[in-house]
Amino acid sequence: MKRGILLGVMAAVLGATLILIVFGDNGYMDRNRMKKTLERLALDNKRLADENLDFYRRIHRLKTDPVYVEGVARRELGLAADGEVVFHLHDPGKKPKKPNP
């Protein structure tokens, strides 16, 4: 009888310990969740490092490469050099944009 009670108590303690190992704070499930978060953050860091390198290169070119600066001014700002004439051609299939008042 005492042996059965002792085995029951030991089984209950072992079961509770196992549940804590799997589901408790810093348990197996928490570890897996943290591992996935770490992987996601590592990918985010890699993407941001690549973006930063791209920005660094663009800034360097803007500071040192006049041809690049001219291209950016033409492309992004719609600027033209002195003496140039700019033609805006409209696609007949598209509706023209209404001018802002």
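This passage goes through the helices of a predicted model and the salt bridges found in it.

Confidence comes first. The mean pLDDT over the protein is 85, and 91% of the residues reach at least 70. The helices do not share that confidence evenly: helix H1, covering residues 2-23, sits at the bottom with a mean of 80, while H2 has the highest value, 94. Helix H2 spans residues 28-64, and much of what follows concerns this helix and its partners.

The packing of H2 against helix H3 is a good place to start. Two packed helices are generally described by the angle between their axes and by the distance between those axes. For H2 and H3 (residues 66-77), the axes come within 6 Å and cross at roughly 105°. Angles of 65 to 115 degrees count as roughly perpendicular, so H2 is roughly perpendicular to H3. On the H2 side, the contact is made by Arg 58, Arg 61, Leu 62 and Thr 64, and these meet Pro 66, Tyr 68, Val 69, Val 72 and Glu 76 of H3. Sorted by type, the residues of this contact comprise 5 nonpolar, 1 polar and 3 charged.

Salt bridges come next, and the count for the model is 8. One of them pairs the side chains of Arg 33 and Asp 30, with an N to O distance of 3.2 Å. Both residues belong to helix H2 and lie 3 residues apart, about one turn of the helix. How do the two partners compare in burial, buried or exposed? Arg 33 has a relative accessibility of 51% and therefore counts as exposed, the threshold for that class being over 50%. Asp 30, in contrast, has a relative accessible area of 18% and so is buried, as the buried class takes in values under 20%. Setting aside residues up to four places away in sequence, Asp 30 touches Gly 24 and Asp 25.

Further along H2, Asp 44 forms a salt bridge with Arg 40, and here the closest N and O atoms are 3.7 Å apart. Because Asp 44 and Arg 40 are 4 residues apart in helix H2, about one helical turn separates them. Both partners are partly exposed: Asp 44 has a relative accessibility of 27%, and Arg 40 has one of 45%. Asp 44 also gives a handle on the spread of the chain, as its C-alpha atom is separated by 40 Å from that of Leu 14, the two residues being 30 apart along the chain.

A further salt bridge links Asp 65 to Arg 61, with 3.2 Å between the closest N and O atoms. Arg 61 is also among the H2 residues that meet H3, which ties this pair to the packing described above. Arg 61 is partly exposed at 38% relative accessibility, and Asp 65 is likewise partly exposed, with a relative accessible area of 22%. The value for Asp 65 puts this residue outside the buried class because that class stops at values under 20%.

Towards the end of the chain, the salt bridges join up. Which residues are linked in a network of salt bridges? They are Glu 70, Arg 74 and Glu 84. Ala 81 lies in the segment after H3, and with a relative accessibility of 35% it counts as partly exposed. The C-alpha atoms of Ala 81 and Glu 70 are 8.9 Å apart, although 11 residues separate the two along the chain. Glu 70 thus figures twice here, as a member of the salt-bridge network and as the reference point for that C-alpha separation.

Key
Residues are numbered from 1 along each chain as its sequence is written. Side-chain values use heavy atoms; hydrogens and water are left out. Helices (H or I, at least four residues) and strands (E, at least two) are DSSP runs, numbered from the N terminus. Contact means heavy atoms within 4.5 Å. pLDDT is the predictor's confidence in each residue, from 0 to 100. Axes are lines fitted to C-alpha atoms, for helices over the stretch in contact, and angles run from 0 to 180 degrees between N-to-C directions. Angles under 35 degrees count as roughly parallel, over 145 as roughly antiparallel, 65 to 115 as roughly perpendicular and the rest as oblique. Ala, Val, Leu, Ile, Met, Phe, Trp, Tyr, Cys and Pro count as nonpolar, Asp, Glu, Lys and Arg as charged, and the others, Gly among them, as polar. A salt bridge is a side-chain nitrogen of Lys or Arg within 4 Å of a carboxyl oxygen of Asp or Glu. Buried means under 20% relative accessible area, exposed over 50%, partly exposed in between (1.4 Å probe, protein chains only).
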